[in-house]
Amino acid sequence: MSMDDDTDLEFSFTSTTTDRTFTTSSSARSSLTLSFNESLLLSTTALAPAPATTLHHRKWDPHWSAIMAATHGNLHLSHLKLVRHLGTGNLGRVFLCHLRDCNSATFALKVIDKDSLTPKKLSHVQMEAEILSMLVHPYLPTLYARLDVSHYTCLLIDYCPNGDLHALLRKQPSNRGLPLHAVRFFAAEVLVALEYLHALGVVYRDLKPENILLRENGHIMLSDFDLCFKADVVPTLQTNRVLRPTRNRFGCFRSPDEEELTEFVAEPVTAFSKSCVGTHEYLAPELVSGNGHGNGVDWWAFGILIYELLYGVTPFKGGSKESTLRNITSNKQVRCHVAEGAAAEARDLIEKLLVKDPRERLGCARGATDIKRHPFFDGINWPLIRNYKPPEVRGLVMKRITSNVTHNNNNINRRCWWKKLAVFTKKNKIITSRINYQNLSFRKNNNGNYYQYHYVNSKGGKCV
Ligand SMILES: Nc1ncnc2c1ncn2[C@@H]1O[C@H](COP(=O)(O)OP(=O)(O)OP(=O)(O)O)[C@@H](O)[C@H]1O
């Protein structure tokens, strides 16, 4: 479904099992109102936001404090106002929305109609929700709430107003790819996000520019976790002798120095799956051959990503999907067109990542630790990367999050700040009263990220 700014929109969520209808309708341009039966929503399963105290830093996150202030930690769909339709994916539709009480607190709401999905897709929904609930990272989405209403599952996550890297690539002159400094910046951020996912034992399996969204501040946010799989990971400290290529004073490589380094490695090296998922041009050879694959598929895809960001096309693309797959599995080595200056380092990294045998591929044994050390990333201060200023790239017009709703803006904002202050000063009291609700049973998720609320009836049964 596409969004036309001049059209009134109506979204109808109809429950076939309960015969109740949730309707979002619009009377103004690109502004939607979510209307529904409040009593129904109060008696259905909802998942409220994580208390800010569970993870200390979260109490400073304006989105969390806005939710806490507006909902006292007891979020319902009625607290949200849909603004517009952002897009439709395999599993559901995504809407831009904000808190009714605070239109500066903007989110993306993924609405999934479970009744319309096959069992396989339902398992993808479960996987996506499970992975999202584990994430606490600046380059990955925060799951603020999960609301289960009738046969709909709604996931409330960060909204990214600046599009995705695929759209940005298409805006480059003659589709030639991004400037090298921008490729380095985005690749470094993706590497850090993959490192975090792998440390959690999550193999992502869907890396591509379309899934790299751009936040309001120009930094990346990886999206779409439905194709992930989870594996065990045993973090270790490893001491290795590494060759560190260095340059002489003219900028040319000289014979590498050997160093002994003790490093933290958390890579799911024993991960194993046989299901063939992903996007054709990004599939690793072991995934195409179907004999089983592991963590290495993400490092292969990382090589394809750097290639596409650099040249605007993927290296194995053929005239059809079949010929693309044939190119991936053939013995042909990847060819890069440019080999000058810093591009030589990019080429070297791509070649080390696009090694067909995963046992020989950079990253497969020790993950991002080895890739970060490659000369392509020389000079990046990894712990401070989130403070780097995003590159200025043609076509990237930074959009700040603004809401269409302007009435009472100042009052609402002031009220919002006032509420935040009140929450801050009365924090302990509010949290205690929230968990003492008589009709509420709650359970912390494994990670302690957020609380899942179930409304229970007077006999102690869960209401669904
Ligand atoms: N957090 C977000 N901020 C802004 N836009 C988003 C956000 N999440 C999704 N979108 C938009 O909504 C569209 C649908 O997203 P969704 O994640 O449901 O599916 P998808 O990216 O097409 O992938 P898939 O179908 O494989 O799940 C995306 O193409 C994107 O344009």
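1. In this predicted model, R366 has a relative accessibility of 9% and therefore counts as buried, the cut-off for that class being under 20%. The residue is placed in a loop, namely the one that runs between α9 (342–353) and α10 (368–372).

2. The surroundings of R366 deserve a look alongside its burial. Its side chain makes a polar contact with the side chain of D370, at 3.1 Å, and, when residues up to four places away in sequence are not counted, R366 touches Q238, N240, E263, V265, E267 and R373.

3. H76 also sits in a loop, in this case between α2 (62–71) and β5 (80–88), and with 9% relative accessibility H76 counts as buried. As for its distance from a residue far along the chain, the C-alpha atoms of H76 and L362 are separated by 46 Å, the two residues being 286 residues apart in sequence.

4. Helix α7, which covers residues 296–311, can be checked for its length: with 16 residues at 1.5 Å a residue, the helix should span 22 Å, and because its end C-alpha atoms lie 23 Å apart, the model agrees with that expectation.

5. How many of the 16 residues of α7 are buried? The count is 16 of the 16, so helix α7 is largely enclosed by the rest of the structure. Directly after the helix comes G312, and the phi of G312 is positive, near 80°.

Technical notes: Residues numbered from 1 in each chain as written. Predicted model: local features only at pLDDT ≥ 70, side-chain atom pairs only at ≥ 80, totals over all residues. Heavy atoms only, no water. Helix = DSSP H or I, 4+ residues; strand = E, 2+ residues; numbered from the N terminus. Expected span 1.5 Å × (residues − 1). Buried < 20%, exposed > 50% of the residue type's maximum accessible area, 1.4 Å probe, protein only. Polar contact = N/O pair within 3.5 Å; in protein donor to acceptor, adjacent residues only side chain to side chain. Contact = heavy atoms within 4.5 Å.
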